[in-house]
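Visitor: I'd like a close look at one part of this protein rather than a tour of everything. Could you pick a spot and walk me through its surroundings?

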Amino acid sequence: KQWYQRRVPITAGGPQFVGIKFCPECNNMLYPKEDKENKRLLYQCQNCEHSESADNNCIYVNKINHEVDEMSSIVGDVITDPTLPRTKDHPCPRCNQCLAVFFQSQSSSTDSGMRLYYVCCNIQCNYKWTE
């Protein structure tokens, strides 16, 4: 069996290997793993225990941070929920209706603090905003 890897030209002294390594035993992807005892970097299969030494100690990580816009997840029907509090102190920025439903953000993000969301109780407007 063969294993495959993608190579790109060396540019400005940068590392040569960029891509994914595959296991020669089962063709699954090899993942970087630190051998703390011998202080070296390995690539190891998570399926069959195959491992091999890395020829380069540089690892590229591609993290994709996907943030969901909480405003788009608010359903307009919250204005009919009798358990939610209402306020007349925050008029709607779109139609100036005085009555709005409000609730706290359900975000698990600690840096956003407490954020209140408002939904206009005017059925024709149903505008959502935050302050």
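Guide: Let's start from one buried glutamine and work outwards to the pieces around it. Keep in mind that this is a predicted model.

Our spot is Gln 44, which sits in strand β2, residues 40–45. With a relative accessible area of 17%, Gln 44 counts as buried, because the cut-off for that is under 20%. Its side chain still finds polar company on two sides. One polar contact, 3.4 Å long, goes to the side chain of Lys 33, and another, also listed at 3.4 Å, goes to the side chain of Glu 49. If you skip the neighbours within four places in sequence, the residues in contact with Gln 44 are Met 29, Leu 30, Tyr 31, Lys 33, Glu 49, His 50 and Ser 51.

Take the Lys 33 side of that list. Strand β1 covers residues 30–35, and β1 pairs with β2 in the antiparallel sense over six bridges. Within that pairing, Lys 33 has Leu 42 as its bridge partner in β2. As background, strands of a sheet pair through backbone hydrogen bonds, either parallel or antiparallel. The two strands form a hairpin with four residues between them, and there Lys 39 takes a positive phi near 50 degrees. For context, most residues other than glycine have a negative phi.

The hairpin also holds a charged pair. Asp 35 and Arg 40 meet through their side chains in a salt bridge, 3.1 Å from N to O. Asp 35 is buried at 15% relative accessibility, whereas Arg 40, at 38%, is partly exposed.

Now the Glu 49 side. Glu 49 lies in the loop between β2 and β3, the latter being residues 51–53. At 60% relative accessibility Glu 49 is exposed, so the polar contact from Gln 44 joins a buried side chain to a residue that counts as exposed. Glu 49 has a positive phi too, about 70 degrees, although it is not a glycine.

Carry on into β3 and you reach Glu 52, whose side chain meets that of Lys 21 in a salt bridge, 3.4 Å from N to O. Lys 21 is in the segment before β1 and Glu 52 is in strand β3, so this pair ties together parts that are 31 residues apart in sequence. Both Lys 21 and Glu 52 are buried, and for Lys 21 the relative accessible area is 4%.

Lys 21 has a second partner: Asp 55 forms a salt bridge with Lys 21, with the closest N and O atoms 3.9 Å apart. Since Asp 55 lies in the loop between β3 and β4, this pair ties together parts that are 34 residues apart in sequence. Asp 55 is exposed, at 52% relative accessibility. Put together, Lys 21, Glu 52 and Asp 55 are linked in a network of salt bridges. Searching the whole structure turns up three salt bridges. The general idea is a familiar one: side chains of opposite charge can pair when their charged atoms come close.

So, back at our starting point: Gln 44 is a buried residue of β2, with polar contacts from its side chain to Lys 33 and to Glu 49.

Key. Residues are numbered from 1 along each chain as its sequence is written. This is a predicted model: local features need pLDDT of at least 70, side-chain atom pairs count only at pLDDT 80 or more; totals for chains, interfaces and linings use all residues. Side-chain values use heavy atoms; hydrogens and water are left out. Buried means under 20% relative accessible area, exposed over 50%, partly exposed in between (1.4 Å probe, protein chains only). A polar contact is a pair of N or O atoms within 3.5 Å; within protein, one must be able to donate a hydrogen and the other to accept it, and residues adjacent in sequence count only if both atoms are side-chain atoms. Contact means heavy atoms within 4.5 Å. Two strands pair if DSSP finds at least two bridges between them. A salt bridge is a side-chain nitrogen of Lys or Arg within 4 Å of a carboxyl oxygen of Asp or Glu.
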